[in-house]
Amino acid sequence: PAELRELLLSRITDIPDHPQPGVVFKDITPLLADPAAFGALTEAFAELCGRHRVDKIVGLEARGFILAAPVAVRAGVGFVPVRKAGKLPGTTLGQAYELEYGTAEIEIHADALAPGDRVLVIDDVLATGGTADASLQLIRRAGAEVAGLAVLLELGFLAGRQRLEPGLKGAPLEAL
Ligand code: PRP
Ligand code: HPA
């Protein structure tokens with residue numbers, strides 16, 4: 001709803017020239033510091049879990065962890081981390097993806113998801129969509145089903161939604 005959207009937007013600030021000149025960085029730390037806004041965000045994500053019959057939540061390192069973990073507790077479903085390569089201790093599946101310059105890799109524990117699990121991916125910001133797209137591939141390779149992708153903020157001018165369309169295979173992309 002419009003009120004939620006206004007509340008959330010009022011708690012996200014613009015930081016010019018971070019992390020490099022010419023970039024206007026969207027900073028969500030004021031939202032995290034406001035329990036009313038953080039609580040409303042958590043409720044809105046948790047509501048998606050019911051609507052899309054989700055039974056696992058995947059959070060994307062690092063800010064995705066902060067948003068996804070309380071949603072998992074609220075919705076009563078398990079939390080599974082997708083981390084930057086080299087951080088998870090067990091047997092992992094890895095997925096490389098393109099950055100503006102060079103590549104990066106994310107990983108999931110190979111046994112974290114069960115066949116038939118319906119997984120909701122949560123992150124803070126959808127920018128180019130590279131990170132989210134790689135996470136969808138990991139979830140499918142781990143044998144589970146993508147129930148949807150939910151983000152707080154979508155930077156529409158970077159066209160992440162278009163990049164993600166093939167990878168979503170019809171699953172919903174919800175930007176609050
Ligand atoms: C940011 C953001 C998303 C991703 C979006 O994370 O939190 O995960 O980039 O960009 P993309 O859509 O172009 O892939 P970052 O890699 O900066 O990691 P952090 O959360 O650990 O700071
Ligand atoms: N804010 C937070 N995370 C991001 C941004 C941003 O503006 N761009 C890419 N990841």
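**Figure 1. The shell around ligand 1 in a predicted model.** Strand E7 (118-126) gives the largest share of the shell around ligand 1, with three residues. The model shown here is predicted. Ligand 1 is surrounded by Glu61, Ala62, Arg63, Lys84, Asp123, Asp124, Val125, Ala127, Thr128, Gly129, Gly130 and Thr131. By residue class, this shell divides into three nonpolar, four polar and five charged residues.

**Figure 2. Polar contacts of ligand 1.** The view takes in three residues that place an N or O atom by the ligand: the side chain of Arg63, the side chain of Lys84 and the backbone of Ala127. For Lys84, an N or O atom of the side chain is 2.8 Å from an oxygen atom of ligand 1. The backbone of Ala127 has a polar atom 2.9 Å from an oxygen atom of ligand 1. For Arg63, the distance from a polar side-chain atom to an oxygen atom of ligand 1 is 3.1 Å. On its own, ligand 1 exposes 500 Å², and the protein buries 72% of that area. Two elements, E7 and helix H5 (130-141), each give two or more residues to the shell around ligand 1.

**Figure 3. The shell around ligand 2.** The residues around ligand 2 are Val24, Phe25, Lys26, Arg63, Val125, Ala127 and Leu155. Strand E2 (residues 24-27) supplies the largest share of this shell, three residues. Five residues of the shell are nonpolar and two are charged, while none is polar. Arg63, Val125 and Ala127 are listed in this shell and also in the shell around ligand 1.

**Figure 4. Polar contacts of ligand 2.** An N or O atom in the side chain of Arg63 lies 2.7 Å from a nitrogen atom of ligand 2. Lys26 takes part through its backbone, where an N or O atom is 3.0 Å from a nitrogen atom of ligand 2. Taken alone, ligand 2 exposes 260 Å², of which the protein buries 77%. The side chain of Arg63 thus appears in two views, with an atom 2.7 Å from a nitrogen atom of ligand 2 and an atom 3.1 Å from an oxygen atom of ligand 1.

**Figure 5. The largest pocket and its lining.** The largest pocket holds about 1200 Å³ of space. Its lining is made up of 34 residues, and those closest to the centre of the pocket are Val125, Ala127, Thr128, Leu155 and Leu158. Two or more lining residues come from each of E2, helix H4 (63-75), strand E5 (92-98), strand E7, helix H5 and strand E8 (145-154). With four residues, E7 gives the most to this lining. The lining divides into 18 nonpolar, seven polar and nine charged residues. Ligand 1 sits in this largest pocket, and the space taken by ligand 2 is also the largest pocket.

**Figure 6. Two cis peptide bonds.** Most peptide bonds are trans. In the model, the bond that joins Glu61 and Ala62 is cis, with omega about -10°. Ala62 is in the loop between strand E3 (56-60) and H4, and both Glu61 and Ala62 are among the residues around ligand 1. A cis peptide bond also joins His18 and Pro19, with omega about 0°. Pro19 is placed in the loop between strand E1 (13-16) and E2.

**Figure 7. Backbone of Arg53.** Most residues other than glycine have a negative phi. Arg53 has a positive phi, near 50°. Its place is in the loop between helix H3 (35-51) and E3.

Terms used. Residues are numbered from 1 along each chain as its sequence is written. Chains are lettered from A and ligands numbered from 1 in the order in which they are written. This is a predicted model: local features need pLDDT of at least 70, side-chain atom pairs count only at pLDDT 80 or more; totals for chains, interfaces and linings use all residues. Side-chain values use heavy atoms; hydrogens and water are left out. A residue is near a molecule or strand if one of its heavy atoms lies within 4 Å of it. A polar contact is a pair of N or O atoms within 3.5 Å; within protein, one must be able to donate a hydrogen and the other to accept it, and residues adjacent in sequence count only if both atoms are side-chain atoms. Accessible areas come from the Shrake-Rupley method with a 1.4 Å probe; for residues, only the protein chains shown count as cover. On a 1 Å grid over the protein atoms alone, a cavity is a set of points where a 1.4 Å probe fits but cannot get out, and a pocket is an open set with protein on both sides within 12 Å along at least five of seven lines; lining residues have an atom within 4 Å of a point. A molecule sits in a cavity or pocket if more than half of its atoms lie within 2 Å of its grid points. Ala, Val, Leu, Ile, Met, Phe, Trp, Tyr, Cys and Pro count as nonpolar, Asp, Glu, Lys and Arg as charged, and the others, Gly among them, as polar. Grid points are joined across faces, edges and corners, and a volume is the space filled by probe spheres set on the points.
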